[in-house]
Amino acid sequence: GVQTCALPISTLQALDLLNGKTLTNTLATGGANVLKGRPPVSREIANDLFQNALGRKPNGEELALAENILGEKPTPAGVADLLGVIVMLPEFQLVR
């Protein structure tokens, strides 16, 4: 059967997950893929990532942070960083 855990992950666990090679490579690939075939517009990228990952648009504070992470000219590394932030949100990590 499937085991469930209702406890949130610790900061140490989150850092380990974020710094793990598999996740790092996945985020890097995702960062590059997000930019393929689209204009590199920070606001649009942030809105799309939040909508796809969380099923909602970012609030004002999240959008400001996302645009800061992405910068004026988003790069694959910047998109990967934003993806890393999104996957660390408790809202994304509903662990059951």
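## A tour of the helix contacts

The axes of helix 3 and helix 5 cross at roughly 35° and come within 11 Å. That crossing is our starting point, in what is a predicted model. Select both helices and turn the view until you can see one pass over the other: helix 3 passes helix 5 in a right-handed crossing.

Now show the side chains where the two helices touch. On the helix 3 side, pick I45, A46, L49, F50, A53 and L54. On the helix 5 side, pick V79, L82, L83 and I86. Try coloring this contact by residue class: you will find 10 nonpolar residues, no polar ones and no charged ones.

**Step back to the whole chain**

Zoom out for a moment. The protein chain has 5 helices and 0 strands, and reading along the sequence gives the pattern α-α-α-α-α. Of its 96 residues, 30% count as buried. How much of the contact in the chain, counting separations of 6 or more, comes from residues 24 or more positions apart? The share is 62%.

**Select helix 5**

Helix 5 covers residues 76-87. Draw a line from its first C-alpha to its last: the 12 residues of helix 5 reach 16 Å, close to the 16 Å expected at 1.5 Å a residue. Next, highlight its buried residues, which are G78, V79, A80, L82, L83, G84, I86 and V87. As you look down the helix, keep one general idea in mind: an α-helix has 3.6 residues a turn, so residues three or four places apart point the same way.

**Add helix 2**

Keep helix 5 on screen and add helix 2, residues 21-35. These two pack at an angle of about 120°, and their axes are 7 Å apart. That angle makes helix 2 oblique to helix 5. The crossing of helix 2 with helix 5 is right-handed.

Which residues of helix 2 meet helix 5? Select L27, A28, G30, G31, A32, V34 and L35. Their partners in helix 5 are P76, V79, A80, L83 and G84. By class, this contact has 9 nonpolar and 3 polar residues, with no charged ones. V79 and L83 deserve a second click: both take part in this contact with helix 2, and both also take part in the contact with helix 3.

**Move to helices 3 and 4**

Hide helix 2 and helix 5, then show helix 3 (residues 42-54) and helix 4 (residues 60-70). Their axes come within 9 Å and cross at roughly 120°. Helix 3 and helix 4 are therefore oblique to each other, and their crossing is right-handed.

From helix 3, select S42, R43, I45, A46, N47 and F50; from helix 4, select E62, L63, A66, E67 and L70. Color by class again, and the contact of helix 3 with helix 4 divides into 6 nonpolar, 2 polar and 3 charged residues.

**Last stop: L63**

Center the view on L63, which is found in helix 4. Is L63 buried or exposed? L63 is buried, with a relative accessible area of 11%. Leaving out residues up to four places away in sequence, L63 touches R43, A46, N47 and P58. Finish by drawing a line between the C-alpha atoms of L63 and A46: they are 17 residues apart along the chain, and their separation is 6.7 Å.

How values were computed: Residues are numbered from 1 along each chain as its sequence is written. This is a predicted model: local features need pLDDT of at least 70, side-chain atom pairs count only at pLDDT 80 or more; totals for chains, interfaces and linings use all residues. Side-chain values use heavy atoms; hydrogens and water are left out. Axes are lines fitted to C-alpha atoms, for helices over the stretch in contact, and angles run from 0 to 180 degrees between N-to-C directions. Helices (H or I, at least four residues) and strands (E, at least two) are DSSP runs, numbered from the N terminus. Angles under 35 degrees count as roughly parallel, over 145 as roughly antiparallel, 65 to 115 as roughly perpendicular and the rest as oblique. A crossing is left-handed if the near helix is turned anticlockwise from the far one by less than a right angle, and right-handed if clockwise. Contact means heavy atoms within 4.5 Å. Ala, Val, Leu, Ile, Met, Phe, Trp, Tyr, Cys and Pro count as nonpolar, Asp, Glu, Lys and Arg as charged, and the others, Gly among them, as polar. The expected span of a helix is 1.5 Å times one less than its number of residues. Buried means under 20% relative accessible area, exposed over 50%, partly exposed in between (1.4 Å probe, protein chains only).
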